[in-house]
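Here is a short briefing for a first look at this structure. Take the overall picture first, then the details.

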Amino acid sequence: AGIIGIPYALRMSGLWAGVLLLLLVAVLTDKSLRLLIEQASFHPKLHHLPIHTFEDLASYPYGKFGSGFVLFNMFIMAYGAMVAYLLIIKDTVPTVLGFEHGENLLERNLILIATSLLIMVPLSMQRDMASLSCTSAISVTADMILVVFVAAFSPVAETVEENGGLGEVLRTDGINSTLFVGLGILSTAMACQHSAFIVANSLEDKTRSRWSWVTKQSIGVSAILCLILGIFGYLGFLGETQGDVLNNFPMGTVQADGARILLAFTMFFTYPMESFVARHVLIMLIHNGDMDAKGGCTLENESRVEEEELGDEGGGGEGDDLTVSTSRSIIEGGGLLCMNRRQTWTLLVYLSTLLPALIFNDIGPVLSLTGAIGGGCIAYIGPGLVYLGVNGEDFLNSILARLERWRGTKDVNNNSGSGGVTEEDLPVDGDASLEIDATTSIDAYERIGSGSKPLWYYLGLFPIWCAIANKGATHLKKKTDAAFAVTRVSAESAPGDHSLLLPPPTKRDYSIAIFFVCFGVVSAVAGVMSNLYVQWNNLDEVDYGDGN
C-alpha cells in the first residue's frame, strides 16, 4: 500500500522535494534499524539480556511507558495500513469487475465487505503468522511487477509534453506547501522498525557488520523501487495523480486490470499480517499479553523478562523468579458469544477498519496521517529516545564535563584581575581538558542543574535532553540490577565475544539521536496540520503540475 502511494507523495511534496525526502527517509530508516539492533544486541549493558522486540528494548530505559509508546504507534501503523489495504480492495476488485472508480459506491462497498469477510477475516483468525510466511515473497514479487508496469505504461511522454516539456516540469516543480503530506506517505512506505528484530534474530551469524549489510541492501533496493515507481507514476499524470496511482490508468485494459488483480491478491494476504500486529498490541495493552484468558504468560510473551520480574512497580506476583515457557496445546477462552479472546479481538479490529474504508475513498490521506503519527514516532522519535535513554549516563557525564569546563573558564576570567587562578580552581585536578568522572547519572544530573549554564545549553534544548537521559539511565540501572538479581549473570561475565560490542558513544552519535527526535516531532506535528489544511481546503484536488 505504501509504494503505490509514492507518486501521490511526489505530487504533494513537489518533484524535487519529494525525491530528496525519499532519499532522506531511506537514509534515516537504515540508520535507525542499525541503531535499534546495535543497542539491543551489542550494547555493553544489554547484550546479555533477552531483548526480542522493539518494545522490549524501549522498556529498559523507560519502563512501561517506553513499551507502551512503541506498542501504541505499532497499532497506529497497523491500523492505518489495514484501512489502506481495504481501500485498495475497494479500488481494484470492483474496477476489474466493471464498476468505475468514483461511481457505483454501493456496489463497490458490497464487494469490499464480501471479499474481506470471505478471505481476509478467516486468514486473520489464525493464531500466528507461520502459515502466511510464504506471502512475503509474493508481496515482494508483486511490488516489482507493479514498478515495471507503472514505468512501462505510464503516459510520461504525453503528459510532460502537454505541460511544456521535461525541462519546464523540472524547472517549475520543486517544492509545494503540502510538503509534509508527502513526507507522511514516504514514512509509511519505508517504516519497518517494528520488524527489525524478527529479521535480525533470524540471522545465523548476527554481527554488527552483517546487520549493516542487510539493512543497506534491503533499504537500498526498496528506495530504488520507490524512486522508479514514484517518478514515472507522477510524471505520467502530474497534478491528476491519485492516492492509488492505478486509479489513473483506464479501465478494461489487460495490463491495468492485471496490475489491479495482482495488487488486490497481495492485499488479501498482507492484511492478516497487520491484523496480527494490531491484535497483539491490544492484547498486550489490555490483557497484559494473555491471549488465551489463562491469566499467565502465553506464546505472545514467551521467553520475555517481564516488567514485574525486573523491578517495575506492581510486580511481585507468582512466577517472578523465572521466565515461563508454554506449550502450543492451549485451550483458549475469554471471548464474546461463541468466540474466544483471539477471535473476538480479530473481529473487532476488522470492523473498526472496515467502517472508515466504507466511508472514505481516497487512500492518500490515510497513508499520510498514518506515516505522520505512527511512522514519525516509531521510525524517528522512538529510536532517538531509546538511544538517549540507553546511553543516558554517558550523555550526562559528557554534558557535565562540558559545563564544568565552561564554568572553570568563567571562574578563571572572573578571577583574572585578582591574582589569577590556582590549580585547585580547575574543574579537574591538573588538566581542565579531562572529563569529570561522575559516578552515577543521578549525581551528574544534579551537578548539571546546580550550577550556572551557558546560552548554548538552553538554545540546544539540553534541559529536555538531560531530563530524558536521566530518566532512561535511572530506569535502565534499576532494570539491569533486577535482572542480575534473577539470573546472577552480569554484562561483564556473560558469554560471547565482547570485542563485538559497541564502543563508547560519541558527540556525533548523540547529535544523530537528537536529530531523530526533532525530525520525528516536526514531521508528526506538521504532517497532521498539513493534512487537515489540505482536506479543509480541498487542496488534494488542485493541479500541482505547474509547481504552484
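**Overall picture**

Residues 24 or more positions apart supply 82% of the protein's contacts that have a separation of 6 or more. The model is predicted. The protein has 18 helices and zero strands.

**Burial and surface**

- The protein has 548 residues, and 53% of them are buried.
- About 24,300 Å² of the protein is exposed.
- Carbon and sulfur atoms supply 62% of that exposed area.

**Helix H4**

- Helix H4 covers residues 105-124.
- Where is its kink centred? The kink is centred on serine 116, and its angle is about 40°.
- Ser116 is also one of the buried residues in H4.
- Other buried residues of H4 include Arg108, Asn109, Ile111, Leu112 and Thr115.
- Towards the end of the list come Met120, Val121, Leu123 and Ser124, which are buried too.
- The buried residues of H4 pack against three partners: helix H3 (54-96), helix H11 (254-287) and helix H12 (341-359).
- An α-helix has 3.6 residues a turn, so residues three or four places apart point the same way.

**Leucine 400**

- Leucine 400 sits in helix H14, which spans residues 392-415.
- Is leucine 400 buried or exposed? Leucine 400 counts as buried because its relative accessibility is 0%, and the cut-off for buried is under 20%.
- Leucine 400 and tyrosine 445 are 45 residues apart along the chain.
- The C-alpha atoms of leucine 400 and tyrosine 445 are separated by 7.9 Å.

Technical notes:
Residues are numbered from 1 along each chain as its sequence is written. This is a predicted model: local features need pLDDT of at least 70, side-chain atom pairs count only at pLDDT 80 or more; totals for chains, interfaces and linings use all residues. Side-chain values use heavy atoms; hydrogens and water are left out. Helices (H or I, at least four residues) and strands (E, at least two) are DSSP runs, numbered from the N terminus. Buried means under 20% relative accessible area, exposed over 50%, partly exposed in between (1.4 Å probe, protein chains only). The bend at a residue is the angle between axes fitted to the seven residues ending there and the seven starting there. Contact means heavy atoms within 4.5 Å. Accessible areas come from the Shrake-Rupley method with a 1.4 Å probe; for residues, only the protein chains shown count as cover.
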